[in-house]
Structure formats: structure tokens, C-alpha cells
Amino acid sequence: MKQKLMLMAGMLSAVMIFAGCSSTPIPNHVEPGITNRANVVNAVGICLKNDYSKDVFVKMDDSVKDHQYAGEVKAYTENALKYLNFNLKESEKEAKSIITVKFDSTAAKRMTVRYFMAATEDGKDAWNVISNCTSAIEDIRPFLPGLVAGAIPCVGTQKRSVTNVNKYPGFLIAVMGSPEKQQ
């Protein structure tokens, strides 16, 4: 248990040290009214169980379940998991894995926005992903789809990724939903 906490603290520190994202908006033709502002996203994936289930239920962490953007972030997460061929279940009882999602931000001279996704099976950790970026201080909403998209390469893996979501628009389209499906 102590080793696991040390590993998590070390990975989070590494993500925060190597964090960076520019604040230049990219065109977003997917979701009217929301322009993704997270360009370069740092993510770290930790896989503790190689044979994890892809039958999942997504829930928000208690710390953010009442946040104004919780519904959006849950939808982004579910879209990302569908893109990765996970099977979303309607309830925790139907699912073999429970995905818990949370996000937060801190600000001093610059703002750091973080996104966390953790999978558990039978009460034991299977894998988790932490992604973040930094920017000038502003509302966190435009950074959330990019943070989820930047986390995609690390889901269910043991790796670190620096993803420029401008170079992988498929990730962002997958997270936000395609215009064809919305009509």
C-alpha cells in the first residue's frame, strides 16, 4: 500500500513538473459554444492489472459530482471510452469495472487543470490516468475536453504521454462527439 502511494505521488509530481499547454484556441467544429483550449496535454497512465475488463460504468467522484461541469466531463469520458471500444453499462451492478472520474484546478501565477480517471475491479485498482495542462488563469471549462482527449493514449496502459491534441483531432472529435451523430 505504501509503495502504491509513493508511486502515485511520484507520477503526479512528474506530470506536474512536465506540465504545459499553450492557450491558443483551436477551431472546434464539433460542439457549438465550446472551444478547446488545451493544446499540449501531459498524461501518465498506471496499469496495475493487465487483464482488466472493458465492461465499465462511469461515475463522478464525490468531490466533483455536484460541480457545474460534472455532466460534461462524464460525457467526454464516456465518449473516450467508447472510442477505445469499452462497453458502457447502465449500472455498477452490470459492470465489471467502475471508472471514477474527477477534475480540479489550482492557480497562482498560472492555472493548472487536472483530470483523473481510475478503474477498479472488485474494489481493487486496475488502472488510472492523470492528465494536466497549464495556462493563464481563466475558467476551466474549455480545457476539459482536451484533457480527456489527451488522456486517451494512456488509458489502461503503463506510460507517459505528451499529446498535442491539434495533431490528433480524432481524439478530440471522439471525446466531444461528431457533428454527424448530433443531428
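**Group meeting: helices, turns and a buried core**

Hi everyone, let me start with one residue: Asn85 is exposed, at a relative accessible area of 58%. In this talk, exposed means over 50% relative accessible area, buried means under 20%, and partly exposed is in between, with a 1.4 Å probe and protein chains only. What you see above is a predicted model, where local features need pLDDT of at least 70, side-chain atom pairs count only at pLDDT 80 or more, and totals for chains, interfaces and linings use all residues. Residues are numbered from 1 along each chain as its sequence is written, and side-chain values use heavy atoms, with hydrogens and water left out.

Back to our opening residue. Where does Asn85 sit? Asn85 is in the loop between helix H2 and strand S3, residues 87-88. Helices and strands here are DSSP runs numbered from the N terminus: H or I with at least four residues for a helix, E with at least two for a strand. The backbone is worth a look too, as Asn85 has a positive phi of about 65° although it is not a glycine.

Asp122 gives us another case: its phi is positive, near 55°, and Asp122 is not a glycine either. Asp122 belongs to the loop between strand S5, residues 111-121, and strand S6, residues 124-135. With 76% relative accessibility, Asp122 also counts as exposed. For a glycine with a positive phi, look just after helix H4, where Gly177 has a phi near 90°.

Now let's zoom out. The protein chain has 5 helices and 7 strands. Reading from the N terminus, the order of elements is α-β-β-α-β-β-β-β-α-β-α-α. Of its 183 residues, 48% count as buried. Now to contacts, meaning heavy atoms within 4.5 Å. Among contacts in the protein chain with a separation of 6 or more, 70% are between residues 24 or more positions apart.

On to the helix packing, with H3 in the middle of the story. How many of the residues of H3 are buried? The count is 8 of its 8 residues, so H3 is mostly covered. The buried residues of H3 are Leu144, Pro145, Gly146, Leu147, Val148, Ala149, Gly150 and Ala151.

H3 packs against H2, residues 70-83, at an angle of about 25°, with the axes 10 Å apart. A word on method: axes are lines fitted to C-alpha atoms, for helices over the stretch in contact, and angles run from 0 to 180 degrees between N-to-C directions. That angle is why H2 and H3 are described as roughly parallel to each other; the classes are under 35 degrees for roughly parallel, over 145 for roughly antiparallel, 65 to 115 for roughly perpendicular, and oblique for the rest. The crossing of H2 and H3 is right-handed: the near helix is turned clockwise from the far one by less than a right angle, while anticlockwise would be left-handed.

Which residues of H2 and H3 meet? On the H2 side they are Val73, Tyr76, Thr77 and Ala80, and on the H3 side Leu144, Pro145 and Val148. By class, that contact has 6 nonpolar residues, 1 polar and no charged. Nonpolar covers Ala, Val, Leu, Ile, Met, Phe, Trp, Tyr, Cys and Pro; charged covers Asp, Glu, Lys and Arg; the others, Gly among them, are polar.

Let's stay with Thr77 for a moment, which lies in helix H2. Thr77 is buried, with a relative accessible area of 0%. Setting aside its neighbours within four places in sequence, Thr77 is in contact with Val58, Val101, Tyr115, Met117 and Val148.

H3, residues 144-151, also packs with H4, residues 169-176, this time at an angle of about 115° and with axes 9 Å apart. The crossing of H3 and H4 is right-handed. Here Pro145, Gly146, Val148 and Ala149 from H3 meet Phe171, Leu172, Val175 and Met176 from H4. The residues of this contact divide into 7 nonpolar, 1 polar and no charged. Within H4, the residues Phe171, Leu172, Ala174, Val175 and Met176 are buried.

Last stop, the cysteines. How many disulfides does the structure hold? The structure holds 0, a disulfide being a pair of cysteine sulfur atoms within 2.5 Å. Cys47 is buried at 14% relative accessible area, and Cys133 is buried at 0%.

Thanks for listening, and happy to take questions!
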